[in-house]
Amino acid sequence: MKLPPEFISLSQEIGARPLLVQGPGGNTSVKIDGQLWIKASGTELAEALDKNIFVAVDPAKAMQELHGAGDGSCRSALIDSDCGLRPSIETTFHAMFDHKFVFHFHSVAAICHAIAEEGRNALAEKLSGLQWVAAPYRKPGIPLTKAIREAVGTRDIQVVVLNNHGIIIVGNTIDEVRDQIYDIEERLDLPVHESKTVNSPADYPGWMCVPDVAALATDPNLFQRATSGTYYPDHVVFLGPAMPALSRSELAELDPAEFPVPAVLVEGEGVYIKTDAKPAQRAMLDCIYNVLTRIPADWTLLPIGEDAEAELLNWDAEKYRQALAKRNG
């Protein structure tokens, strides 16, 4: 089936903007003739014009997974089970909305507000006049869809701010979706705060310095926030919990293959990522920098917490805490 070119174009457009989408994050969908076409898991919206990144599911069967008819992956709802693609883990909330188009993405501006107490309080004024609601943090998949459904209720909502996650914008025309996206980005825009940086130090064996985000290690406020917790799911998935901090000597002696996460901070010196790190991991490193450099210093950040981190990694919570303690030793 030929998907609307304007839908493909807007999907690619937001996917190419790091302040809206990072790596394989975010997903978009369109409903056509009773089928829901959604971005496949692991694909990137930035490649929407160049690759086949969308897969068709039966939205009614997807909704049945909310009631135990599947495992939450929506593979049982696939129209063509042999297509070689699997639907996004967030397919159920796309199916939940009656609107033709559903765009979910990890806007840095939205995240900044959704991970801070003061930011959440500011949304009422900043989004005044829009049909919007906030939904509490839940693990992506069925738990998140149920939280969104409860938050929306019977209201005609077009914008859902997901605490500690991102944003959803729905509509029946691409023009109204595009207008909402850029209107909300303008409303929620926060200036980048100047931060302390230093000259790029030398690389360590198996690690390379990332000077563009050095302030995460050299600015005391950013360092404290970056190492104090995790604020949204994709950080955990791609970078692990919070940002680990090591000394120069520890990093110099560390075998990257034996370290469980791809990036580390050396306080006062710089940020390092494994030389074999994947592009998505680098994109998430840029994301945490873009988020933390925009949040006002007097805002109170609200991490998702260790139990939520463990849930994302499919770890037993107590074993996870023990591993954290050992890592932070």
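Two strands count as paired here if DSSP finds at least two bridges between them. With that in hand, we can walk through this structure, which is a predicted model, starting at a hairpin.

The hairpin is made by β6 and β7, with three residues between them, and N164 in its turn has a positive phi of about 55°. Strand β6 covers residues 159–162, and its antiparallel pairing with β7 runs over four bridges. If you want a spot to look at, find V160, which sits opposite I168 of β7.

Now stay with β7 for a moment, since it has a second partner. Strand β4 is joined to β7 by five bridges, again antiparallel. Here too I168 is a handy marker, as the bridge partner of H104. So how much of β7 is covered? Six of its six residues are buried. In a regular strand, side chains alternate between the two faces of the sheet, and on β7 both faces are covered: G166, I168 and V170 are buried on one side, and I167, I169 and G171 on the other.

G166 deserves its own look. This glycine belongs to strand β7, which spans residues 166–171. G166 counts as buried because its relative accessibility is 0%, and the cut-off for that label is under 20%. From its C-alpha atom to that of H113 is 9.4 Å, with the two positions 53 residues apart along the chain.

Next, follow β4 to the aromatic rings. Five aromatic pairs turn up in the model. One of them is F7 with F54, a tilted pair at 5.0 Å centre to centre and 50° between the planes. F7 comes from helix α1 (residues 5–15) and F54 from strand β3 (residues 54–57), so this pair ties together parts that are 47 residues apart in sequence. Are these two rings buried or exposed? F7 is buried, at 0% relative accessibility, and F54 is buried as well, with a relative accessible area of 4%.

F7 also pairs with F103, this time edge-to-face, with 5.9 Å between the centres and 85° between the planes. That contact links helix α1 to strand β4 (residues 101–105), and the two residues are 96 apart in the chain. F103, like F7, is buried. Put the ring pairs together and you get a cluster of F7, F54, F101 and F103.

Further along the chain there is another piece of sheet to see. Three strands make an open sheet in the order β8-β10-β9, with antiparallel pairing. Its edges are β8 (207–209) and β9 (263–266), each of which pairs on one side only. From one strand to the next, the twist averages 30°.

Strand β10 takes in residues 270–274, and three bridges join it to β8 in antiparallel fashion. On that side, W207 stands opposite K274. On the other pairing, β9 and β10 run antiparallel and share four bridges, with G270 as the bridge partner of V266. These two strands also form a hairpin with three residues between them, where G268 takes a positive phi near 80°. Although β9 is an edge strand, both of its faces are covered: A263 and L265 are buried on one side, V264 and V266 on the other.

That leaves the empty spaces. What is the volume of the largest pocket? It comes to about 670 Å³. The lining has 26 residues, and those nearest the pocket centre are S41, I89, P140, D234 and V237. Helices α10 and α13 (306–312) are the elements that give two or more residues to this lining, and α10 gives the most, with four. By type, the lining splits into nine nonpolar, 10 polar and seven charged residues.

As for enclosed space, the whole structure has one cavity of 30 Å³ or more, with a volume of about 40 Å³. Its lining consists of Q22, H106, I111, H165, Y232, P233, D234, M284 and C287. Of these residues, five are nonpolar, three polar and one charged. Helices α10 (233–239) and α12 (279–292) each supply at least two of them. D234 is a good place to finish: this residue is in the cavity lining and is also among those nearest the centre of the largest pocket.

Conventions: Residues numbered from 1 in each chain as written. Predicted model: local features only at pLDDT ≥ 70, side-chain atom pairs only at ≥ 80, totals over all residues. Heavy atoms only, no water. Axes fitted to C-alpha atoms, helices over the stretch in contact; angles between N-to-C directions. 1 Å grid on protein atoms, 1.4 Å probe; cavity = no way out; pocket = protein on both sides within 12 Å on 5 of 7 lines; lining within 4 Å. Points joined across faces, edges and corners; volume = space filled by probe spheres on them. Nonpolar A, V, L, I, M, F, W, Y, C, P; charged D, E, K, R; others polar. Buried < 20%, exposed > 50% of the residue type's maximum accessible area, 1.4 Å probe, protein only. Phe/Tyr/Trp six-rings, centres within 6.5 Å; stacked < 30°, edge-to-face > 60°.
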